[in-house]
Amino acid sequence: MANKDIHCIVNGKERVFSVDVRSSLSDMLRGKAGLDSIKHGCDVGECGACTVLIDGRPFNSCIYMAIWAEGKTILTLEGLSDTKGAISDIQQAFIDEGAVQCGFCTPGFIMASIPIIEKDSPSSREEIRRQISGNLCRCTGYEHIVDAIEKTQKKRIEQKKG
Amino acid sequence: MYNFNNLYEPTSVEEALHLKKEHPQALWLAGGSDILIKIREGKLAHCDLINIYCLEELRGICLEDDGSILIRPLTSFTDVSMHPLIKQHVPVLGEAVDQIGGPQVRNIGTIGGNICNGVTSADSATTLKAYDAVLEIASLDGIRLLPYAEFNLGPGKVDLREGELLCGIRIAKESYENTSGHYIKYAMRKAMDIATLGCSVNVRLSSDKKHIDRLRIAFGVAAPTPIRSTTAEKHAQGHELNEELLEQVAAGALADVSPRTSWRASKEFRLQLVKEMARRTTKAAVEKAGGTING
C-alpha cells in the first residue's frame, strides 16, 4: 500500500510523517512520533484512552485516519508540559486528588478535560461528567477524576480574574 | 493499521462520483465511526474505500433563499448541535444528536453517515423524519430529491442507488416554522449507548395555544427502520391540549409500531416505552411551544 506524506503541527512543532495510508492517527503518533501517552485501548472508539485534541477538540485517534491529519493542529499529553518538562496544572491535580490508579486511562482523561478547564465559567459536576463520558476508567470510580478537573477549572478561573 | 485494500481520495464531489462509477464496490468513507470499526472487527476487512471526509463542500449548514435549512452530510454531530441556525429553528435536532456516543464520537460522527447507515436507532433519524426532511442525492446524472420518508428500505438498507452520494439534507421553512420539538432517547447508559427506543415529536399550536394545529411524531427502534406514526398524528390533529390528547397520541403510536425483541430489550418492554414516551415527548413538545396540558 502506498505511503503518503502528512504535514501537521504536533505539540506546537511542524512535522511531516511518511505513513502507510492504512494507518490510524494513533499508529502515526505512537509509531512515528513516539508519543506513547496515546494508548491503544479498545481500538474501536469506546474507551477514550487514545484521545488527542485536533484543532482544539477531543477525538479518538484510534478511529481517525492518519491521512485526515493533513494540515491539522494536534495536541497530545506530551504537549502539556512546559519547555523544561514540568507537568501542567491538570496533571498535578490528577496526582493531588488521587485520580490515577493504574494510569492507563489517565492521558485520555486529561486530554478530554482540556476543553472544560479552559472554559471561562464554572461547570457543574454533571457537565464535567458529560464531557468525560467518552472515557472509561476501571479503577477510580471517576469521583477523584471529576474532583481534579473541577479544582483545576476553578483555579484557572480565579487566575484569570487575577 | 486498518485492513482495507484500496483507498481512493477524490478532491471534489464530481471526482468522487467518477471514482464511484469506476469502482462501484467501494464504500463511501465519511467520519468512519461505523466503517473503520467494522474493518477492525473483520466484517468489512479487505474492502475498498472512497475517502470523502476531506471534501469541505459537503460540510456546513446554511439557510437557502426559500428559507429552507440545508445541512451538508459531513457536518459533525457537534457542529450540528452548536450551529446557530439549528439552535434557532430546529433546536430539537441539536438536542437529539447531542445524545449520541460521547464528545469524541460526536466530533467525528457525521449526520449523513448516521442516516445512510440505515439503522433504526440513528438518533438524528427520528427528528429528521418528524420534520419531513428532503434528501439531495447526487450522481453523475445530476441531483435527485427524495423525501427522507422514502429513504429507508429495510434494516441497514437505504435508497442510495449505484453511483449515488447523499449531498444535502433539507428542512423546508413551512416544516420548521412555528414548531417546537422534543426528543427522548431511552437507553441503559447516559452516554456511549445505542437507543433502546427513541421518540421525536414536534408541534405547531393554534394561535390561542389551546389546540394542536399540527403534530408530527417519529420513533426509532420501534420498527425495522425509523418510522412516523401517522395514526397518532391524525388523532392529534385539532385536538385540545389535555390528558386525552396524550392518550390518543399513545394509542395511535401503538397502532403503528412493530418493535422486536433484541438483546437490549423485549418487544413487550419496547411497547411499554412507545406508549409512555409518546405521552412524555408530546407533553414536553407542547410545553416548549407554550401550551399546557389541562391548562
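In strand β5 of chain A, Ile74(A) is the bridge partner of Val10(A). This pair is a starting point for a walk through a predicted model, in which local features need pLDDT of at least 70, side-chain atom pairs count only at pLDDT 80 or more, and totals for chains, interfaces and linings use all residues. Residues are numbered from 1 along each chain as its sequence is written, while chains are lettered from A and ligands numbered from 1 in the order in which they are written.

Val10(A) and Ile74(A) belong to a pairing of strand β1 (residues 3-10) with strand β5 (residues 73-75) of chain A, which runs in the parallel sense over two bridges. Strands here are DSSP runs of E with at least two residues, helices are runs of H or I with at least four, and both are numbered from the N terminus. Two strands count as paired if DSSP finds at least two bridges between them. In general, strands of a sheet pair through backbone hydrogen bonds, either parallel or antiparallel.

β1(A) also pairs with β2(A), in the antiparallel sense and over eight bridges. In that pairing Cys8(A) has Arg15(A) of β2(A) as its bridge partner. The two strands form a hairpin with two residues between them, and Asn11(A) in the turn has a positive phi of about 50 degrees.

These strands are part of an open sheet of five, in the order β2-β1-β5-β3-β4 of chain A, with mixed pairing. The edges are β2 (13-20) and β4 of chain A, each of which pairs on one side only. On average, neighbouring strands of the sheet are turned by 45 degrees against each other, direction ignored. Angles otherwise run from 0 to 180 degrees between N-to-C directions, and axes are lines fitted to C-alpha atoms, for helices over the stretch in contact.

Two helices can be placed against this sheet. Helix α1 (residues 25-32) of chain A lies across β1, β2 and β3 of chain A and runs at about 110 degrees to β2(A). α3(A) packs on the sheet and touches β3 and β4 of chain A, its direction making about 30 degrees with that of β3(A). Contact between two residues requires C-beta atoms, placed from the backbone, within 7 Å of each other.

How is chain A divided into domains? The assignment gives domain 1 (3-79) and domain 2 (89-161); such bounds come from an automatic or database domain assignment. The C-alpha centres of these two domains of chain A lie 22 Å apart. Between them, 14 residues of domain 1 of chain A are in contact with 12 residues of domain 2 of chain A. β3 (51-54) and β4 (57-60) of chain A each supply at least two residues of the side of domain 1 that touches domain 2. β3(A) gives the most to that side, with three residues. By class, the same side of domain 1 of chain A has eight nonpolar, four polar and two charged residues. In this scheme Ala, Val, Leu, Ile, Met, Phe, Trp, Tyr, Cys and Pro are nonpolar, Asp, Glu, Lys and Arg are charged, and the others, Gly among them, are polar.

Next come the helices that pack against α2(A). The axes of α2 (residues 89-96) and α5 (residues 143-161) of chain A come within 9 Å and cross at roughly 135 degrees. α2(A) and α5(A) are therefore oblique to each other, where angles under 35 degrees count as roughly parallel, over 145 as roughly antiparallel, 65 to 115 as roughly perpendicular and the rest as oblique. Asp89(A), Ile90(A), Ala93(A) and Phe94(A) of α2(A) meet Ala148(A), Lys151(A), Thr152(A) and Lys155(A) of α5(A). The residues of this contact divide into four nonpolar, one polar and three charged.

The axes of α2(A) and α3 (residues 106-117) of chain A come within 10 Å and cross at roughly 120 degrees. Again the helices are therefore oblique to each other. Ile90(A), Gln91(A) and Phe94(A) of α2(A) make the contact with Thr106(A), Ile110(A), Ser113(A) and Ile117(A) of α3(A).

Chain B remains. Its 21 contacting residues meet 24 residues of chain A. α6(B) gives the most to the side of chain B that touches chain A, with five residues. The domain assignment of chain B gives domain 1 (6-50), domain 2 (60-174) and domain 3 (179-288).
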